[in-house]
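Reader: Hi, I have a structure open in front of me and I'm not sure how to read it. Could we go through it together, one part at a time?
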Amino acid sequence: MKQAVLSFLRGGGSALPGYRLALAATLVWTGFFILLPLSALIIRPWQDGVGAMVAALHDARMFAALWTSFSCAFLAALLNIPLGLLLAWTLVRGDLPGRRVADAVIDLPLALPTAVSGITLATLYGPQGWLGAPLAKLGLVLAYSRTGIVLALMFVGLPFVVRTVEPVLKNLPRDMEEAAVLLGARPWQVVTRVIIAPLLPALLTGFGLALARGVGEYGSVIFIAGNQPFKSEIAPLLIVVRLQEFDYAGATAIALILLLMSLLALVLVSLVRWRLSVWGEQA
Amino acid sequence: MSRYALWAVTWALIVLVLLMSPAVVVAEALKTGLQPALASLSDPDAQAAIWLTLEVTAVSVLVNTLFGILAAWVLTKYRFPGRSALLVLVELPLSISPVVSGLVWLLLFGAQGWWGSVLEQAGIHIAFAVPGIMLATIFVTLPYVVRTLVPLMEQQGRDAEEAAMLAGAGFWNILWRVTLPGARVALFSGILLTTARAMGEFGAVSVVSGHIPGMTETMPLHIESLYNGYQTVAAFSMAALLAGMAMMAVLLRSVPERLARRKEAQA
């Protein structure tokens, strides 16, 4: 213990100057901007008494909003797996004409400020929109419902899947597929056993990142969501509503659950990845 | 044949899902011509929102770059107990919902927060004022400079730094003349990412701002109130400006890389 403290104070035996100054600056920075606000988030809900917290947890509207956020983010991330795989595949292997432009456009949802994505998607898929109007004639109403939420979350999450799959796909040797074909594999066997199997950890990571982002997403969703309580109200929006009602306990309870949900998504994904890589080594 | 089908599907997807949105922004902004779009941007509230966004972005970039460099130095040049915990900590804001990132500051400085009423009596306004907006934006953009610097500075090792130290250089000299020149491109890229995210932050800022037009409305918040007030042309003109600024920052990141590649090709 004493040794650990000494090593912490001395920078683990490196003789380079500036350790204590830079460490102190880092601790002040992360302490004030991260640890302090997060400890407020964890401590504050219990300050009004356990009763208030339990009451806040009995809120059916809160569970409906959390379920909407989670289920829509899950569905959007799931739908992004085949889409992301297709895009990554044609970018890496497909000799796509205009590859460089396509490659730059993939990151667009990440570069676009969320409020801009929000009003744009609502206009695009809205009843008078370029895509919304023709689809409405076919009887498909997309905006102002859960479908709208899923669409917005797919838009925001797509780059995560493409960008995690792409580097792995680049390193995948092409001759594996040729060898599989020569050994008599059918095309679907080549796809599932030779291509998708080694990409599985990357696909899962992309899925997890998109899910974690989607659960807490606010700006790109609220304009298209419709925001009807119990139907199309997402959890982050309910936090804002509770704050406007000066219900801090309620808002903080939702925030805490939301935080745990996205952390859990990331932990689960890294566990599954670890499991998959262990299998890979055994095989 | 199947190859052409694949190309067609991919491009259809890219156009329908991705390229449609910037097209909509421009089309909606220019629906009534260029003149009304430009006029809406010179409205006093719009001007105030643009200035506030620039101000908040500058402060966030400054704070997170200065501390981010020092944190990257500590995290890469030394091995000490607690290092991996610190690495996780600096990335934490990335996995927190924007709304929660705003809420935490209200828990500290809001009227019902820990220190809100005390500071309020002393005449210091943080929640529903500009300082709150800055705190929330710094929180959200904290990881970007560190996390682009760390992998690169880790790769550099510390031989050059140790040589400089033996030659008698002090901390600031080593950092400024030895370490940072080699990490220039990563630093530039991290700063630009911070800039893009700071300008566009919506959820976190929305919670702490109080939405006072001309006072505490940043560009994204002003876009929201214009859109909700059915001022579509003004909303999309502001959106086009903001998106242009953010995308410019993101695109600029590839410039030093391309310059380096050209230099290599010449040599």
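Reader: How many helices and how many strands does chain B have?
Author: In this predicted model, chain B has 15 helices and zero strands.

Reader: And what does the C-alpha trace of chain B span along its principal axes?
Author: The C-alpha trace of chain B spans about 70 × 65 × 35 Å along those axes, and of the 267 residues in chain B, 49% are buried.

Reader: What about contacts inside chain B, how much comes from residues 24 or more positions apart?
Author: If you take the contacts in chain B with a separation of 6 or more, 74% of them are between residues 24 or more positions apart.

Reader: Switching to chain A, which domains does the assignment give?
Author: The assignment divides chain A into domain 1, residues 14–47, and domain 2, residues 59–282, and the centres of these two domains, taken over C-alpha atoms, are separated by 32 Å.

Reader: Which residues of chain A does the UniProt annotation cover?
Author: An unreviewed UniProt entry annotates residues 66–269 of chain A as "domain: ABC transmembrane type-1"; over that stretch the chain is 78% helix and 0% strand, with its end C-alpha atoms 20 Å apart.

Reader: Okay, so where do the two chains meet, and how many residues does each one put in?
Author: Chain A brings 69 residues to the contact and chain B brings 70 residues, and on the side of chain A, helix α2 (residues 19–47) gives the most, with 16 residues.

Reader: What kinds of residues are on that side of chain A?
Author: The side of chain A that touches chain B divides into 50 nonpolar, 17 polar and two charged residues.

How values were computed
Residues are numbered from 1 along each chain as its sequence is written. Chains are lettered from A and ligands numbered from 1 in the order in which they are written. This is a predicted model: local features need pLDDT of at least 70, side-chain atom pairs count only at pLDDT 80 or more; totals for chains, interfaces and linings use all residues. UniProt positions are given in the numbering used here, feature names are shortened, and annotations may be inferred rather than shown by experiment. Helices (H or I, at least four residues) and strands (E, at least two) are DSSP runs, numbered from the N terminus. Domain bounds come from an automatic or database domain assignment. A residue is buried if 20 or more other C-beta atoms lie within 10 Å of its own, exposed if 12 or fewer, and partly exposed in between; C-beta atoms are placed from the backbone. Two residues are in contact if their C-beta atoms, placed from the backbone, lie within 7 Å. Ala, Val, Leu, Ile, Met, Phe, Trp, Tyr, Cys and Pro count as nonpolar, Asp, Glu, Lys and Arg as charged, and the others, Gly among them, as polar.
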